[in-house]
Amino acid sequence: HRDLHSFPTRRSSDLEAHHVKPLGAPHNGPDRLNNIICVCPNCHVLLDYGALLIDKSKLYLSDDHIISDEFIDYHNGNIFKKALEFKILGNVSSLI
């Protein structure tokens with residue numbers, strides 16, 4: 001999606017902070033800037049449900065904010081991949 005931004009952004013009024021590697025169990029991601037991107041509310045929900053792959057080359061990154069490849073890889077390999085496996089098995093309703 002073309003509306004994925006790194007934090008901070010100038011249009012923050014219509015964006016939400018998304019933890020790339022989610023906080024809390026079972027993921028235990030850190031609450032640090034290199035684990036946060038700002039996204040529109042719709043993309044935030046899609047990312048939470050694993051419906052979007054994060055492509056770092058399509059992020060709008062500010063010069064002073066670096067998103068950790070470790071957390072992007074975690075999202076793509078765990079959050080996105082598990083959602084894709086649910087969809088393949090026909091269990092989409094269990095994601096909603």
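The following legends describe an overall view and several close-up views of a predicted model.

**Figure 1. Overall arrangement of the chain.** The chain contains two helices and three strands. Their order along the sequence is β-β-β-α-α. Of the 96 residues in the chain, 35% are buried. The chain exposes about 6,000 Å², and 55% of this area is supplied by carbon and sulfur atoms. Among contacts with a separation of 6 or more, 61% are made by residues 24 or more positions apart. Zero aromatic pairs are found in a search of the whole structure, and the structure holds one salt bridge.

**Figure 2. The salt bridge between Lys56 and Asp69.** The closest N and O atoms of Lys56 and Asp69 are 2.9 Å apart, and the two residues form a salt bridge. This pair links distant parts of the chain, since Lys56 belongs to the loop between helix H1 (41-48) and helix H2 (69-88), whereas Asp69 belongs to helix H2, 13 residues apart. Lys56 counts as partly exposed because its relative accessibility is 28%. Asp69 also has a relative accessibility that counts as partly exposed, at 43%.

**Figure 3. Lys21 over the ring of Tyr74.** Lys21 is placed in the loop between E2 and E3. Lys21 lies over the face of Tyr74, at 4.6 Å from the ring centre. The C-alpha atoms of Lys21 and Tyr74 are separated by 6.4 Å, although the two residues are 53 residues apart along the chain. With a relative accessibility of 15%, Lys21 falls under the 20% limit and therefore counts as buried. When neighbours within four places in sequence are left aside, Lys21 is in contact with His27, Asn28, Gly29, Asn35, Phe71 and Tyr74.

**Figure 4. Asn35 and the backbone of Lys21.** Asn35 is also placed in the loop between E2 and E3. A polar atom of the Asn35 side chain lies 2.7 Å from the backbone nitrogen of Lys21. Asn35 counts as buried because its relative accessibility is 0%. Residues up to four places away in sequence not being counted, Asn35 touches His18, His19, Val20, Lys21, Gly29, Pro30 and Phe71. Lys21 and Gly29, two of these partners, appear in the neighbouring legends.

**Figure 5. The surroundings of Gly29.** Gly29 is found in the loop between strand E2 (16-19) and strand E3 (36-39). At 12% relative accessibility, Gly29 is classed as buried. Its contacts, apart from those with neighbours within four places in sequence, are with Lys21, Pro22, Leu23, Gly24 and Asn35. The C-alpha atoms of Gly29 and His19 are separated by 7.6 Å, and these two residues are ten residues apart along the chain.

**Figure 6. His75 and the backbone of Leu52.** Helix H2 holds His75. A polar atom of the His75 side chain lies 2.8 Å from the backbone oxygen of Leu52. His75 counts as buried because its relative accessibility is 0%. Leaving aside neighbours within four places in sequence, the residues in contact with His75 are Val20, Leu47, Leu52, Ile54 and Phe80.

**Figure 7. Ile79 and its contacts.** Ile79 has its place in helix H2. The relative accessible area of Ile79 is 11%, under the 20% limit, and Ile79 is therefore buried. Apart from neighbours within four places in sequence, Ile79 is in contact with Pro22, His27, Leu47, Asp48, Gly50 and Tyr74. One of these partners, Pro22, is 57 residues apart from Ile79 along the chain, and the C-alpha atoms of the two residues are separated by 9.0 Å. Another, Tyr74, is the residue whose ring face lies under Lys21 in Figure 3.

Terms used:
Residues numbered from 1 in each chain as written. Predicted model: local features only at pLDDT ≥ 70, side-chain atom pairs only at ≥ 80, totals over all residues. Heavy atoms only, no water. Phe/Tyr/Trp six-rings, centres within 6.5 Å; stacked < 30°, edge-to-face > 60°. Lys NZ or Arg CZ within 6 Å of the ring centre and 35° of its normal. Helix = DSSP H or I, 4+ residues; strand = E, 2+ residues; numbered from the N terminus. Buried < 20%, exposed > 50% of the residue type's maximum accessible area, 1.4 Å probe, protein only. Contact = heavy atoms within 4.5 Å. Areas by Shrake-Rupley, 256 points an atom, 1.4 Å probe, with all protein chains shown as cover. Salt bridge = Lys/Arg side-chain N within 4 Å of Asp/Glu carboxyl O. Polar contact = N/O pair within 3.5 Å; in protein donor to acceptor, adjacent residues only side chain to side chain.
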